[in-house]
Amino acid sequence: MLAQPGRAAEAARVDLVRVKATTVTASSVQSDISLSGEIAARVQSDISFRLTGKIIERLVEVGQHVGPEDVLARLDPTEQKADVDNAQAGLASAEALLQQAQSTFARQQTLLGNGYATRASFDQAKETLQTTQSQVEAARAALSTALEQLSYTDLRPGVAGVIVSRNAETGQVAQAGQTVFSVAQDGPRDAVFNVYEALLTKPFESKVVDIELQSDPSVTATAHVREISPLVDAATSTIKIKVGLDTTPPKMTLGAAVIGRGRWDRKNEVSVPWSALFEWQSKPAVWVVGEGDVVSLKTVSVDRYGAGIVVLSGGLDSGTRVVTAGLQLLRPGQKVDVATGDTP
């Protein structure tokens with residue numbers, strides 16, 4: 001008795017590996033990126049003495065707010081005070097000589113007018129007067145310079161801000177130009193992030209970044225990308241990005257930890273379920289169901305991993321059927337029984 005055609009086809013299907021498959025489609029996806037960083041001053045100034053000398057007094061601590069004319073530290077002013085005394089003595093001497101030259105010139109001028117002095121003696125008195133006037137001006141300039149040098153023994157920031165670091169102590173000899181304090185200037189604030197170079201290879205939708213305080217997510221701010229370092233940090237292999245806060249909430253103080261969220265441009269991407277991903281020759285791959293329900297392996301490029309899905313950057317076209325269950329029993333060129341519904 002011959003088997004019925006329907007029962008024969010059913011028996012043939014029993015011998016096939018049953019798998020579950022899905023048809024992938026490309027969809028417009030906008031990716032977010034979240035990074036942790038900290039609040040920093042937009043402008044930070046390194047404060048140093050203009051003179052070399054021994055620090056005899058330090059008047060501020062790290063974290064203290066200072067004004068432009070506040071004295072931060074002092075050098076030993078003995079040498080500068082001696083220079084001021086010498087300049088004052090020089091000025092007094094020059095002024096005395098000037099007074100004498102003025103009297104001589106006035107007398108010679110009177111005598112010349114009455115015919116009792118020669119033109120030569122008058123010209124000599126005039127020349128002496130001009131010389132002593134120049135000496136007085138030079139002595140005043142020297143005194144002004146000496147007073148200015150004395151004022152440099154008091155270290156003033158010249159700006160208002162917060163002391164964020166100290167690099168010298170009382171008793172230390174500070175060199176001219178050596179950083180003694182660093183001051184985070186009052187004013188606009190930045191959020192600073194260190195990101196891996198690979199993240200910057202993709203275009204961002206805009207330069208707007210949403211900022212939230214890590215300790216209190218209800219405290220938020222809007223910022224714009226202001227500066228991207230052109231160099232990769234050799235120690236961390238990251239690139240520093242500074243985003244300027246449009247307005248700074250009071251709770252976002254210097255050094256506060258924040259989270260920044262940016263958005264990449266929308267693009268069409270193909271995604272597959274986690275269960276569809278397979279490893280072949282140490283590369284990610286998927287089983288593709290082709291004509292006649294014959295399966296084959298196809299390597300893919302993974303862009304990123306999401307919640308329950310894997311987003312691919314290449315390897316699959318929209319409309320391709322991929323195996324999502326039963327792929328452990330497959331081999332290339334094998335014909336499979338593709339299940340319908342939710343049960344493989």
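**View A. The second largest pocket holds about 190 Å³ of space.** Like every view here, this one comes from a predicted model. Going around the wall of this pocket, you will meet Ile47, Ser48, Phe49 and Arg50, along with Ser151, Tyr152, Asp154, Leu155 and Arg156. Sorted by class, the lining has 4 nonpolar, 3 charged and 2 polar residues. Two strands take part: E4 (44-48) and E8 (154-155) each give at least two residues to the lining.

**View B. Strand E4, which helps line that pocket, also belongs to an open sheet of 4 strands.** Follow the strands in the order E4-E11-E9-E6; their pairing is antiparallel. E4 and E6 (65-66) stand at the edges with a single partner strand each, so one side of each has no neighbour in the sheet.

**View C. At one edge of the sheet, strand E6 meets strand E9 (residues 161-166).** The two strands run antiparallel and are joined by 2 bridges. To find your bearings, look for histidine 65, which stands opposite valine 162 in E9.

**View D. Strand E1 (residues 17-23) is joined to strand E24 (residues 336-338) and to strand E23 (residues 321-325).** With E24, strand E1 runs parallel, and 3 bridges link the two. Here arginine 18 has aspartate 337 of E24 as its bridge partner. With E23, strand E1 runs antiparallel, and 4 bridges hold the pairing. A handy landmark for this second pairing is lysine 20, found opposite alanine 325 in E23.

Conventions:
Residues numbered from 1 in each chain as written. Predicted model: local features only at pLDDT ≥ 70, side-chain atom pairs only at ≥ 80, totals over all residues. Heavy atoms only, no water. Pairing = 2+ DSSP bridges. 1 Å grid on protein atoms, 1.4 Å probe; cavity = no way out; pocket = protein on both sides within 12 Å on 5 of 7 lines; lining within 4 Å. Points joined across faces, edges and corners; volume = space filled by probe spheres on them. Nonpolar A, V, L, I, M, F, W, Y, C, P; charged D, E, K, R; others polar.
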